[in-house]
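Student: Please take a close look at one helix of this model, and set it within the protein as a whole.

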Amino acid sequence: MRKPSLQNDQKEKRLKIIFRFLIICAIFALTGSIVVTSKRIVNDLYKLFVLDFIGTSLLYAAALTLCSFFLYLFFVIVIKNPMNIKRSSVIKFAIGGIFTLIITGFILIFSVNETNKSIKDMQSYSNQEWQVKELFVTDVYRGRLPSRIVLIDTDAGQLTLHQRNYKIYKGEIYRFTYLEQTKTIINVEVID
């Protein structure tokens, strides 16, 4: 008689862990998306950097939590095997777990690199360590209108303008003041 209650306790414990993963992932994703969308109402560039850093960090945390959720499920199915699944099915779950682990590694490396870039750019902006170059604009992508972000292709690579304060046209030369790591434009001057 003790065995069924022990199995029920383990099932309830696993369900609690699963729900915690999902709740934490939802909180990270919801908070991150609210912070990222609140960038639209900010006019100060430094506050925009901070909100972008916080929002994207929370979204990366949500993605990593979701990957951890799947890794936990694969671990329980492959190692514990509470439902006594056939060996051929366990091998499929093991392959899925390995694939999820690889994706988690890529997301982790990418998020750490992007976070470091954002931190370096916030430090550069506060220390006024900017790049100033005259660049030829090869293409401009303004996107749809609730977004205020403009992507500008130049002969030195792609730059990002977070606010549509400047009129930039393809085929002209401008003096751009931008941050080195994330290629974020701070100021644009027309060259006559």
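**A helix in its setting**

Tutor: In this protein, 56% of the contacts (heavy atoms within 4.5 Å) with a separation of 6 or more join residues 24 or more positions apart. The model is predicted: local features need pLDDT of at least 70 and side-chain atom pairs pLDDT 80 or more, while totals for chains, interfaces and linings use all residues. Residues are numbered from 1 along each chain as its sequence is written, and side-chain values use heavy atoms, without hydrogens and water.

The protein contains three helices and five strands, these being DSSP runs numbered from the N terminus (helices H or I, at least four residues; strands E, at least two). Their order from the N terminus is α-α-α-β-β-β-β-β.

The part to examine is helix α2, which covers residues 45-80 and so has 36 residues. From its first C-alpha to its last, α2 reaches 51 Å, close to the 52 Å expected at 1.5 Å a residue; this expectation multiplies 1.5 Å by one less than the number of residues. After α2 comes N81, with a positive phi near 50°.

Consider now the whole protein. Its C-alpha trace spans about 85 × 30 × 30 Å along the principal axes. The radius of gyration is 24 Å, whereas a compact globule of 192 residues would have one near 16 Å; the value is taken over C-alpha atoms, and the globule rule is 2.2 Å times the number of residues to the power 0.38. Of the 192 residues, 29% count as buried, that is, under 20% relative accessible area with a 1.4 Å probe, protein chains only.

Note on methods: Buried < 20%, exposed > 50% of the residue type's maximum accessible area, 1.4 Å probe, protein only.
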